[in-house]
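Here are a few worked exercises to go through with the structure open in your viewer. Try each task before you read its solution.

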Amino acid sequence: MSLNLDTLGLSATVTAEGITAPDYQTILDTITSFFRQIYGSDAYLEPDSKDGQMVALVALAIHDANNTAIQVYNSFSPATAQNAALSSNVKINGITRKVATRSTVDLLLTGAVGTTITNGSVRDQNNILWNLPASVSINVDGTALVTATCENDGAVAALAGTVTTINTPTRGWTSVTNPTAAAVGSPAETDAELRIRQGQSVALPSLTPFEAVDGAIANVDGVTRHKLYENDTGAPDANGLPAHSISAIIDGGDVTDIAQTIRGKKGQGVATYGKTTVEVPDLYGNPHNISFSRPEYIPVYVSITLHPFSGYTTQVGNEMRQAVADYINALQIGGSVILSRVYSPANLGVVSGGNARYYDINELMIGTAEDDVSAANIDIKYDQQAACTVENIKIAVVV
């Protein structure tokens, strides 16, 4: 009996529903069946035979070829592409994958009007160097608001009012400070994060200015997270936004780039509201004041009392502290800390049989001060960001 190679049904197939392929066992069984049609039903094809191993190799080769075809097919969609393929796909939307960034901090420089600072730098209280833009000029009010970049890689933090030392003295430049905390650096953008931003980027040419502004802010270099609010009523809203205004809360990114992006995308007659104001020109050189805010970081403290079981170690406790801190730090700007939801990361893999089997949580309390925790939610305002370190989490083991 001759074989019809066109009807073997072993290759990947593209239909209206997408691409599919038979699994390895189906391929192996089919080839084994055809082998016995050719050489006889008594052919011995168990794994310990040479013929059986040869059939298995052929089946594996077909299976690998099918998987490669599926991966190539999926690489053309942002929803399923990975790594380099995804980076190439999103270029169609006019965006690129964000590389690892260094920490940035907004600096308020004061000095004589017209003073130009070239390749300037400053130092914080930890003696870490922060570099200013290549050229900065003091404005007519004797100040300049610029964004400096940390000299060191990684998530370098700087609290408000801690960057105060001029490292490159310049005649006419008298002082420097940082009104807000630094935006810590971030690792390279993951596939999941890039897919989210790709979805936001399609709003850039939208007919609704709000979505356009939101999508544009998300794609400003250095912006790690943001939240955009709108008050389209004729009176101030519950957050204090003036009538007919927008307010952007933005972590990371250069203040001038952010201001120019907002001015270029916001609707006519829409005011901007925030604690940071930057003057940017339009195409004709006319100045415009654009306001937005940096998130105010609210420290979160956690107190956990647990009863240990056999197998509990300090390492398990450290894993719990890290999981809780990661959960809180991943909350969105303006996202309140809900007590009941903190139990989920604190119970390490309880559903899947993780390390939570080594302890039972007796009590979990949270608060914004180490000595003021309770079993209540923490309300975070619209322009605030919950922040937690593992040092802020205390675990008491009660036998």
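**Exercise 1.** Leaving aside neighbours within four places in sequence, find which residues Ile304 is in contact with.

*Solution.* This is a predicted model, so keep in mind that the contacts below come from a prediction. Start at Ile304 and skip anything within four places in sequence; the contacts are then Met320, Ile361, Glu363, Leu364, Ile393, Lys394, Ile395 and Ala396.
Next, look at the core: Ile304 belongs to the largest nonpolar core, which has 28 residues. Along with Val300, Val302, Val337, Tyr359 and Leu364, Ile304 touches the most other members.
Now ask which elements supply this core. Strand 17 (301-308), helix 7 (314-329), helix 8 (339-346) and strand 18 (359-369) each give two or more residues. Helix 7 provides the largest share, with 5 residues.
There's also a second, separate core of 20 residues, and Val136, Ile138, Val156 and Trp173 are among them.

**Exercise 2.** Work out which parts of the chain are tied together by the salt bridge between Asp153 and Arg102, and by the one between Arg294 and Asp106.

*Solution.* A reminder first: side chains of opposite charge can pair when their charged atoms come close. Searching the whole structure turns up 6 salt bridges.
Take Asp153 and Arg102, whose closest N and O atoms are 2.6 Å apart. Asp153 sits in the loop between strand 8 (143-150) and strand 9 (163-166), and Arg102 in the loop between helix 3 (83-89) and strand 3 (104-111), so the bridge ties together parts 51 residues apart in sequence. As for cover, Asp153 has a relative accessible area of 59% and is therefore exposed, while Arg102, at 36%, is partly exposed.
Move on to Arg294 and Asp106, where the N to O distance is 2.6 Å. Arg294 is in the loop between strand 15 (287-292) and strand 16 (296-299) and Asp106 is in strand 3, so this pair ties together parts 188 residues apart in sequence. Here Arg294 is buried, with a relative accessible area of 10%, and Asp106 is buried too, at 5%.

**Exercise 3.** Place Arg225 and Asp251 in their elements, then decide how each is classed by accessibility.

*Solution.* Begin with the bridge itself: the closest N and O atoms of Arg225 and Asp251 are 3.6 Å apart, which falls inside the 4 Å cut-off for a salt bridge.
Then locate the partners. Arg225 is in strand 11 (residues 223-231) and Asp251 in strand 12 (residues 245-252), 26 residues apart, and the pair links distant parts of the chain.
Finally, check the accessibility. The buried class means under 20%; Asp251, at 6% relative accessibility, therefore counts as buried. Arg225 has 26%, so the partly exposed class applies.
While you're here, look at the loop between strand 11 and strand 12, where His244 is found. His244 isn't a glycine, yet its phi is positive, at about 55°. With a relative accessible area of 45%, His244 is partly exposed.

**Exercise 4.** Classify the ring pairs Phe35 with Tyr39 and Tyr229 with Tyr382 by geometry.

*Solution.* The count comes to 3 aromatic pairs. For Phe35 and Tyr39, the ring centres are 4.5 Å apart and the planes meet at 40°, so call this pair tilted. Both residues lie in helix 1 (residues 24-39), 4 residues apart, or about one turn of the helix. Phe35 is buried, with a relative accessible area of 17%, but Tyr39 is exposed, at 57%.
Tyr229 and Tyr382 are another matter. Their pair is edge-to-face, with 5.1 Å centre to centre and 90° between the planes. Tyr229 is in strand 11 and Tyr382 in the loop between strand 19 (372-374) and strand 20 (384-387), so the pair ties together parts 153 residues apart in sequence. Tyr229 counts as buried at 15% relative accessibility, and Tyr382 is buried at 12%.

**Exercise 5.** Find which residues make the nonpolar surface patch of about 290 Å².

*Solution.* The patch is made by Met54, Leu57 and Val58. Pick out Leu57, which is placed in helix 2 (residues 50-74). Leu57 has 54% relative accessibility, so count this residue as exposed.

Terms used:
Residues numbered from 1 in each chain as written. Predicted model: local features only at pLDDT ≥ 70, side-chain atom pairs only at ≥ 80, totals over all residues. Heavy atoms only, no water. Patch = residues over 30% accessible without salt bridge, like charges linked within 9 Å, V, L, I, M, F, W, Y side chains within 5 Å. Areas by Shrake-Rupley, 256 points an atom, 1.4 Å probe, with all protein chains shown as cover. Salt bridge = Lys/Arg side-chain N within 4 Å of Asp/Glu carboxyl O. Buried < 20%, exposed > 50% of the residue type's maximum accessible area, 1.4 Å probe, protein only. Core = buried A, V, L, I, M, F, W, Y, C linked by side-chain atoms within 4.5 Å. Contact = heavy atoms within 4.5 Å. Phe/Tyr/Trp six-rings, centres within 6.5 Å; stacked < 30°, edge-to-face > 60°.
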